[in-house]
Amino acid sequence: MIGTILRRLGSAVMVLFLSTMVIFIIVGVSGDPLAELRDRQPPVSESVIAAEEQRLGLDLPITQRYVDWLGGLFRGDFGPSVQPARDIGVELGSRIGVTLQLVSTAVIIAIVLAALAGTISALRQRRWPDVFLTPTAFVLLALPSFWLAVLLKQWGIGINEATGYQVFATVGATSIPAPTEPLAAFLDTAAHMVLPTIVLILVHYAVWSRYQRTAVVESLGSDHVRFAVLRGLPRRTVVWSYVVRPSLVPIVTIVALDLPALFSGAVITETVFQWRGMGVFLLESITLRDTNAVMAWLLVAATAVVLFNLIADLLYLVLDPRVRNVSH
Amino acid sequence: MSLTEKPHFRPRTEAISIAGDGVGQFRIVLRRFLRHRTGVVALAVLVALILVAIITPNFWPYQPGEITPDLSVSPSLQHPMGTDALGRDQFAQVLRGLQQSLMIAFSVTIVATLIGTVLGVIAGYFGALVDASIMRLVDLALTLPTLAIAAFLGSVVPAGGVSWVALSLVLGVLMWTSMARLVRGVVMGLRKLPYVDAARTMGARSFRVMFRHLVPNVADHIIVASTLLFGAAILAETGLSFLGFGVQPPDTSLGRLVADSQSAVLTRPWLFYFPGLLIILLVLSVNYIGEGLRDAVNPKSAPVNPLDARSMRSARGVRSRAMGASHPATSPRNQESTVEVSTGRPDSLVEVRDFSVKFAGRPAVDGISLSLAPGSVTALVGESGSGKTMTALSLVGLLPPKAEASGSLEFDGTDLMSLEFEDWRKLRGRRIAMVLQDPSTSLNPVLSIKRQFADQLKMIGLRGQEIRTRAAALLEGVSIREPDRVLNAYPHQLSGGMRQRVVIAMAMAMDPDLIIADEPTTALDVTVQAQVMKTLAAARERTGAAMLFITHDLALVAGVADQVIVMQAGAIVERGDVETIFSRPDHPYTKKLLSLAPDLSQYGSSTSHSEGGK
């Protein structure tokens, strides 16, 4: 089994490598990072532009640039930014921290809620509370996250105005300057996190709870549940060990495949709430035509995909003996 | 941006039913869809929205982007959705946005469906290396964050804006993966079917086989998936436009309208709510259509829930909404006492009188009466659909939810019709055990055999080592030679015959008075069938339980049963002791069954119960 995981990991790294190549070429051939510099009025001198081109390696052929970029990666260097003062690696580090703070809380809450609601919904199909949970999930699925984010943000502002207190902070991850005393710092972070976290929770809760419901419904109809009931096992044992346990196997993959998308999902949430996280980093880099910064972002996002696939494989090992004992 | 539910498909059974007649199948699907109420309502909403998007702009007095002297007016007759700060009529803007969203989502769906279908069919059809490389391509596409790439590509298009064609292409190219996976899965199931083989052997070229024979049979799945894709595409496009990377000004889209009105939520809410709610309505209706289509393509039977608390009587009688609220007739306490105190008549363990099971008024079991004596072995014989399985299921209280049962069912003096889940629990396993047909699905795949024994043995107060000892003894009782190895194994590590023995051991674990065996050997290899039958008969004999043995195979019955009951179309057509049935069958149906049975002598001699027929 370890062998299978290693093989999977190997193929994932291969895919990762190919995907950087594809992205590098797409990004490299589309758009000129110096367009803004060239268009500047009064015109910037040719020599300055040539110097910039050389600094960014634009004078080299694209294959050479890719090889250089890849070599730089191994030294922990993400390549030069369009803005000379910007160190992509350092900035990315802090951005990842901000995004993780937002995403991890939301993901954990969303998974727990989705697992609970999906299971309950399936156990009580077409009865209360399923008759409420299922349409709710459908509406949430249709809800564009940007609209929800803007709505919550503006309502937050409205509530702040109505109460006269700063209940919700709607801009950024912390106040500037952030309070230093631990309790105040915690409350400050919480006030900033509530609304964007709710957005992410709702969006992902909707998808995952539907999957969980389907999995449990399928599990409920299976023969082994029927046989467990026929053996007279207590209801609780049947529900936990025979209905829910087997249904966790499919949901794990789905969540693991969805998680990397949270990074791009977070693009919208971060933009609306002006968190300086990964999402906003990407948009800024795109606007600046900062090729290397975009590449760095994509590298992180793609690595996340590979990483979460690996985690899914490992969780499979724990949850599904059929995978664990494949060597027998 | 993912599909709402895991696409479920059952390639084997379903494909066969479609294979012959594609057009007929679509008509059936259409008819089923039209019965799906939410789906039809959703379709009406979507059609209405499309018509509004196409027709209204032709006679609407304001053009999108046209500046009127009415600045920031709230909704009125003249401007049903108000106007923005520049005096643009929001309704005209929203209409334009709706057109854009529909057009782009439509093209995205077509592009993604085309790519996904072609690659999926090729991967599924050729398999091996071709499949592996296409699946790597899928992995590759999945590592690319759709929104990010689309945003990037959207941003590099020269000023003047992205045309909707370009945007659709980009999104379509990035969204084909789910479709490819789905189609591949179905095609892999279809590939092995005889008619595909036949087409191939007759010299049809791969291309022809794929697109003439395979694609039409995946079409229903494709339609469902592309509907969901359409919804996802709307969200993707509006999201991109919201970020400023999709549709560019002066043109507009629903996403852009939301973006433009961000700060107006509290002051000029109409600007914000109308486009947003329209997106929700659009996607919601598309998703409900998808749901309706999925149900039409893959009709779900009524939800199965063996944990359902209702008794068969109330499930039959009470079809109203008030169901489940109260069951005044049967309080669990009362039932418990009946179960324990029951004196019953010694000459009959099970009494079935004038018992019927109906589905939507149509009888599956039609007024049957039978009785089983303690320690007797009764074979219930009939072809599939004769009602024998329904009879068995009603004796354990697991009739399908849509079934309406009537008549009387008694087990050792207890009225089975009025039992609820907890009352049943006192009977199931302890007094009535059942062995199901397919041992490969009867055991929980994620728990070890030992754990599954433990769940049961704990109920009779065994702990720790006692459980192991008892379980091992039970396994030895069904002729398993290495009980310890089997106890530590998981179901998938055992052979079919082994699994069915384990199932029999579990059924026997609490010394039941009645064992119901529903075609316990049908799913097994012919070579193991006889052994498993022997094990079952031996285990039964040891415990002295009564057995109801259900089968379509009269040959199996000969060696085991005392009494034979023959069922056809829900009714009992003949009953008698085993010799009589075999030597002097009365009913033509019994004669037919007998003529179909293979050589009976070899089974007949193998057990002590009778010398076999003839």
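Which residue takes a positive phi in the hairpin of strand 1 of chain B and strand 2 of chain B? In this predicted model, the residue is Ala360(B), with a phi near 50°, and the hairpin has two residues between its strands. Strand 1 of chain B covers residues 350–359, and its pairing with strand 2 of chain B is antiparallel, over seven bridges. Next to the turn, Phe359(B) lies opposite Arg362(B) of strand 2. Elsewhere in this pair, Val350(B) is set opposite Leu372(B), also a residue of strand 2.

The hairpin belongs to an open sheet of four strands in chain B, which has the order 2-1-4-5 and antiparallel pairing. Strand 2 (362–372) and strand 5 (414–415) of chain B are the edge strands, and each of them pairs on one side only. Helix 15 of chain B, formed by residues 388–395, packs on this sheet. Contacts of helix 15 are made with strand 1, strand 2 and strand 4 (403–411) of chain B, and the helix direction makes about 65° with that of strand 2.

A further open sheet in chain B has six strands in the order 6-7-8-3-9-10, and here the pairing is mixed. Strand 6 (432–435) and strand 10 (571–577) of chain B each have a single partner strand; they therefore stand at the edges, and one side of each is left without a neighbour in the sheet. On average, neighbouring strands of the six-stranded sheet are turned by 15° against each other, direction ignored. At one end of the order, strand 9 (residues 563–568) of chain B pairs with strand 10 of chain B in the antiparallel sense, and six bridges join the two. Within this pair, Ile565(B) has Arg575(B) of strand 10 as its bridge partner. Helix 21 of chain B, residues 496–508, lies across strand 6 and strand 7 (514–518) of chain B. The angle between helix 21 and strand 6 is about 175°.

Both chains also carry annotated membrane spans. For chain A, an unreviewed UniProt entry lists residues 12–31, 100–120, 132–152, 189–208, 248–275 and 295–319 under "transmembrane region". In the model, residues 100–120 of chain A are 100% helix and 0% strand, with end C-alpha atoms 29 Å apart. Residues 295–319 of chain A are likewise 100% helix and 0% strand, and the end C-alpha atoms of this span lie 36 Å apart. For chain B, the "transmembrane region" feature in UniProt, again from an unreviewed entry, is given for residues 40–60, 104–130, 137–157, 163–183, 214–236 and 270–290. The chain is 100% helix and 0% strand over residues 214–236 of chain B, where the end C-alpha atoms are 31 Å apart. The span 270–290 of chain B is also 100% helix and 0% strand, with 30 Å between its end C-alpha atoms.

The contact between the chains involves 75 residues of chain A and 68 residues of chain B. On the side of chain A that touches chain B, helix 10 of chain A (residues 235–273) gives the most, with 16 residues. The residues on that side comprise 47 nonpolar, 17 polar and eleven charged.

The largest nonpolar core of the model contains 264 residues. Those with the most contacts inside this core are Trp297(A), Ala233(B), Ile516(B), Phe549(B) and Val557(B). Helix 10 of chain B, residues 206–243, gives the most to the core, with 18 residues.

Notes
Residues are numbered from 1 along each chain as its sequence is written. Chains are lettered from A and ligands numbered from 1 in the order in which they are written. This is a predicted model: local features need pLDDT of at least 70, side-chain atom pairs count only at pLDDT 80 or more; totals for chains, interfaces and linings use all residues. Two strands pair if DSSP finds at least two bridges between them. Two residues are in contact if their C-beta atoms, placed from the backbone, lie within 7 Å. Axes are lines fitted to C-alpha atoms, for helices over the stretch in contact, and angles run from 0 to 180 degrees between N-to-C directions. UniProt positions are given in the numbering used here, feature names are shortened, and annotations may be inferred rather than shown by experiment. Ala, Val, Leu, Ile, Met, Phe, Trp, Tyr, Cys and Pro count as nonpolar, Asp, Glu, Lys and Arg as charged, and the others, Gly among them, as polar. A nonpolar core is a set of buried Ala, Val, Leu, Ile, Met, Phe, Trp, Tyr and Cys residues joined through C-beta atoms within 7 Å. A residue is buried if 20 or more other C-beta atoms lie within 10 Å of its own, exposed if 12 or fewer, and partly exposed in between; C-beta atoms are placed from the backbone.
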